[in-house]
Amino acid sequence: MNLSIAGAPGLTDEEFRILRDYIYHRCGMYFEDSKKFYLEHKLGRRLKELGSRSFSQYFMDVQQSGSDTTEIQEIFNTVTTTETSFYRNVPQMQAFRNLVLPGVVAEKFSSGSRTLKIWSAGCATGEEPYTLAMLALEGASSFPADLRIEIMATDINRSAMNTAERGIYSAMSAQRLPDDLRDRYMTPHGDGFRVNRDVRNMVTYRFFNLANGTRYLSFGKMDVVFCRNVLIYFAEASRRKALEDLSRVLNPNGFLFVGYSENALMMPSHFSLVHYNTRPVCYRAASLKGNSHRKTRH
Ligand SMILES: C[S@@+](CC[C@H](N)C(=O)[O-])C[C@H]1O[C@@H](n2cnc3c(N)ncnc32)[C@H](O)[C@@H]1O
């Protein structure tokens, strides 16, 4: 199947390998040989816009322009997959609301801490962090009044995060969201909805590259991390490294949610699988003196 863009230069096998390695080193994502046409199609449009004669020429220009340029951001915006929706993976959302949040809040309370930190890593267009904010608001009446909930949402796709900050969505992206949550926390807007300001104000968006291990701890320790449907695009080595970095960011007894297709990933040994209603939903970082590989059922 030829997916190249009319008028755009073609991508040779050699150029594909160079581009693939470059993307891998910059952001951990790895494109198998079968994805050559995907890259050609996605970036071909950009080359056409810029009037580049070949991928080699484009690549040389990108490299010469420095390490953090607009064009590298364009590449991130173009090659990443941002598919997401509100209330994605219902069992995980139910577990977050009914098991994880009350448990973490109770621990905070007994330790004297009053700030609960949640990180949506690879947040795409914001549906995930806003869903978490809605669920936190749902529980708020049973939490201590002075509890502060901070939700940080990060991605390498700035264009997706601009959409997130506007908070305007199609009806389709909210179709899994229970009606009562949608009615309480969203307002009809055109053919879809806008997330209400109180929910939007709970989430802070920032650029963060999960393949850049050195800066993880600059955000401080987290109680709950969601990193769903992000690491499936990584090569094994970058995935393993990101998981180790994420595990270091979690407070002892913190929770890590990954996507369902990522459940088989190699988890650091001090993580135990947590079940809710008999389904595996997330991982818990056992306090390091506790049993590893222990299964927790609720
Ligand atoms: C399929 S979306 C997942 C969105 C949401 N977490 C969910 O499960 O619905 C994957 C997101 O991961 C982001 N991503 C890919 N590589 C990344 C990296 N190295 N650092 C941060 N985010 C990355 C992409 O830009 C994209 O927005």
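Author: In this predicted model, two residues are in contact if their C-beta atoms, placed from the backbone, lie within 7 Å.

Reader: With that cut-off, how many residues of domain 1 are in contact with how many residues of domain 2?

Author: The chain is divided into domain 1, residues 13–79, and domain 2, residues 90–285. Their C-alpha centres lie 30 Å apart. Across the boundary, the residues in contact are, for domain 1 and domain 2 respectively, eight and twelve.

Reader: Which helix gives the most to the side of domain 1 that touches domain 2?

Author: At least two residues of that side of domain 1 are supplied by each of helix H1 (13–27) and helix H4 (70–79). By class, the side has five nonpolar and three polar residues, with no charged residues. The helix that gives the most to it, with three residues, is H4.

Reader: Where does the ligand lie with respect to domain 1 and domain 2?

Author: The shell around the ligand receives residues from domain 1 (13–79) and also from domain 2 (90–285), so the ligand lies between them.
By class, this shell has ten nonpolar, ten polar and five charged residues. The place asked for is therefore between domain 1 and domain 2.

Reader: Of the 25 residues around the ligand, which come nearest?

Author: A residue belongs to these surroundings if its C-beta atom, placed from the backbone, lies within 6 Å of the ligand. Of the 25 residues around the ligand, those that come nearest are Thr80, Thr84, Gly122, Ala124 and Arg228.

Reader: Which residues touch the most other members of the largest nonpolar core, and which helix gives the largest share of this core?

Author: The largest nonpolar core has 78 residues, and the ones that touch the most other members are Val225, Leu256 and Cys282. Both domain 1 (13–79) and domain 2 (90–285) give residues to this core, so the core lies between them. Leaving aside residues up to four places away in sequence, Cys282 touches Gln92, Ala95, Val100, Phe255, Leu256, Phe257 and Val274. The largest share of the core, seven residues, comes from helix H5 (residues 90–111).

Reader: What is the radius of gyration of the chain, and why does the value agree with a compact globule?

Author: Of the contacts in the chain with a separation of 6 or more, 73% are accounted for by residues 24 or more positions apart, and 37% of the 298 residues count as buried. The C-alpha atoms fill a box of roughly 60 × 50 × 35 Å, taken along the principal axes. A compact globule with 298 residues would have a radius of gyration near 19 Å, which agrees with the value for the chain, 21 Å.

Technical notes: Residues numbered from 1 in each chain as written. Predicted model: local features only at pLDDT ≥ 70, side-chain atom pairs only at ≥ 80, totals over all residues. Nonpolar A, V, L, I, M, F, W, Y, C, P; charged D, E, K, R; others polar. Domains from an automatic or database assignment. Helix = DSSP H or I, 4+ residues; strand = E, 2+ residues; numbered from the N terminus. Rg over C-alpha atoms; globule rule 2.2 N^0.38 Å. Buried ≥ 20, exposed ≤ 12 C-beta atoms within 10 Å, placed from the backbone. Core = buried A, V, L, I, M, F, W, Y, C linked by C-beta atoms within 7 Å.
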